[in-house]
Amino acid sequence: MKAENEGDRRGHKRSSHSATQKKGRGKQVMPSLQSSELTEQLTSGSYSCMVCCDRVRDRDAVWSCKECHHVFHLGCIGKWAAAPASLVSEKEPSEGWRCPACQNPSDVVPTVYKCYCGKLINPRPRARGELTVPHSCGELCGRSLARNPLSSCQHKCQLLCHPGPCPPCPVTVNRSCPCGRQKYQVRCSKGEELPSCGSECGRRLKCGRHHCTQSCHSGSCGDCTMMLTQHCHCGRSHREVVCGETGEEGEEERYGCSLVCGRELNCGNHLCELSCHPAPCPPCPLLPAHVTACPCGATPLSALLSPDQSRTSCLDPVPTCNRSCGRVLPCSTKAEPHFCPAGCHEGPCPRCEKSRLVRCRCGRGSTRVECQNLEGIGDFVCDKPCNKMKSCGRHRCNTRCCMDANHQCTLVCGKRLRCGIHNCMEQCHRGHCEQCWEYSYEELTCHCGAEILYPPLPCGTRPPTCKRVCARMHSCDHNVFHSCHNEEECPPCTVLTVKMCMGEHEKRYNIPCHIADVSCGMPCGKDLPCGRHKCLKLCHRGACTDSLAQQCRQPCQTPRKYCSHVCGETCHVGSECPDIPCKAEVVLTCKCGRMKERVLCGASSSGIMQQAFHK
């Protein structure tokens, strides 16, 4: 009886959750529909807990999921949360547990029985005849009607405490279009997006100079696309640029060109040698206040000049010391630093006369180059092939001095597709090729034409299966037992028949119709062309002798002239037996009869058979 009740409970559980479980299984249910069905099933006592499959009664302590709104026994959900199968991660139990219905994770195990809105703890059971919903406090729900944290809805649910989700917000609010010119009265639950009024947007763009000319729209207006003439800092060149690329509002619309600045420095004697730059130019680097040492910086000017010879103007020469310059040259590297070998001097250092090791772009090859030629060499390319496997896993990169990090294969795949007709024309790839994208727009029928597949048909589609009897012409008159097929040849006829063997010796019974050559297994026995022998082959079809030789190959049976043995040579009709020693074996016995020996007969016209045993 318990088994029957348990089966009824499980069957009732499946039926009672047919609507409410759709939300937890991935299919969205309308809030009003889910709430009304939960209310009806809880009120009638037909709702079942998904954990224990038992009914949820008025006096049971329950818990409702905030995501899918399924209702469970409070004790059952506590046991479920403690089970290993409910954990979000078995390695990290602290990450929480999952709802049995919607799999939504939670890190708090419910232990307190509350009403649906959460305001009342341990709500009293419903009295007999009372029309309130079970497990409800009977007060206003008061839950927020905002569907997501970004929603601007601040209204509360005005229904009595109820199971399931709250209905959409019914309040009518005033909202404007994206540009703010047109006002609309809409439901608060409709969302933030409103239709465009069709007017020009007019919002200020990021550049701060122009306004958006698009029609009223939501979201960002994007970057400004107006073209402006931009001048360089020195004023000798200009260019046309997009307004959105010149900088934010308030920034000066100037850029640095590749020319030398050339503006007069504050000393009034020299010109600025820097590249085009924003004003003002830096002070003259040759002013006495800025030059405190010789050009190489090793000796202070106080040690090179007496007090009455001190520099008073940027035009006064800077004295040099007796040491070498020692400044680091542009061709230097950390591995091979080069220093200026010239004596202390003003102006740029002379060209380096040393050589430097230059590595290729792939880093596997190197060569030594004169420092004077470094500017004209560019990127050094070695001759070593890459030989790394490409992305397809089939081909290797054979590029010299390769710098590619991904090694994407650019060849065509070329593998035969599943249709068996076309080849894959995609870029060479790993794994299986995609299906053939060719389609046929002609009807595809079986051989007899009774079954039809209508277009469009994917390439490689097999003809339809037909269960009718094959209607083709067959080589025999027996009844056909196989169905219509698409193969070129029909299956062999298996009707048992009586057939004469190939040598016409006897009739053979129970032979399948499709077997044409039947052998009885006896020797052929037909006369050979020589007239002396008969065919010794097993029952066969066709000539008994080789079509090329056309002569008998059996041994001659004519008795020899000088002994009692037969000739033994290949049949030679029309000519005498050859006079050669007899090759037959004979047994010779000594005179006393104790010893025997096998020897060739050897009889011929030139010798006679041995008659005695010679030791």
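This report describes the confidence, the nonpolar cores and a surface patch of a predicted model.

## Confidence of the model

The mean pLDDT of the protein is 83, and 90% of the residues reach at least 70. Strand β2 has the highest confidence, at 94, whereas helix α1 (residues 2-16) has the lowest, with a mean of 38.

Residues 1-30 stay under 50 in pLDDT, and the model gives this stretch 48 contacts beyond four places in sequence. The pLDDT is also below 50 over residues 609-615, a stretch with six contacts in the model beyond near neighbours in sequence. Where pLDDT is low, the predicted coordinates should not be read in detail.

## Nonpolar cores

The largest nonpolar core comprises 36 residues, and Trp 63 and Phe 72 have the most contacts inside it. At least two residues of this core come from each of α3 (31-44), β1 (62-64), β2 (71-73) and α4 (74-82). Helix α4 gives the most, with four residues.

With neighbours within four places in sequence left aside, Phe 72 is in contact with ten residues' worth of surroundings that include Cys 49, Met 50, Val 51, Trp 63, Ile 77 and Pro 100. Another core, of 13 residues, lies apart from the one described above; among its members are Cys 325, Cys 340, Cys 360 and Phe 380.

## A nonpolar surface patch

Trp 437, Tyr 439 and Tyr 441 make a nonpolar patch of about 430 Å² on the surface. Of these residues, Tyr 439 is placed in strand β12 (residues 439-440). Tyr 439 is partly exposed, because its relative accessible area is 39%, a value between the limits of 20% for buried and 50% for exposed.

Conventions
Residues are numbered from 1 along each chain as its sequence is written. This is a predicted model: local features need pLDDT of at least 70, side-chain atom pairs count only at pLDDT 80 or more; totals for chains, interfaces and linings use all residues. Side-chain values use heavy atoms; hydrogens and water are left out. Patches are made of residues with over 30% relative accessible area and no salt bridge: like charges are joined within 9 Å, nonpolar side chains (Val, Leu, Ile, Met, Phe, Trp, Tyr) within 5 Å. Accessible areas come from the Shrake-Rupley method with a 1.4 Å probe; for residues, only the protein chains shown count as cover. A salt bridge is a side-chain nitrogen of Lys or Arg within 4 Å of a carboxyl oxygen of Asp or Glu. Buried means under 20% relative accessible area, exposed over 50%, partly exposed in between (1.4 Å probe, protein chains only). A nonpolar core is a set of buried Ala, Val, Leu, Ile, Met, Phe, Trp, Tyr and Cys residues joined through side-chain atoms within 4.5 Å. Contact means heavy atoms within 4.5 Å. pLDDT is the predictor's confidence in each residue, from 0 to 100.
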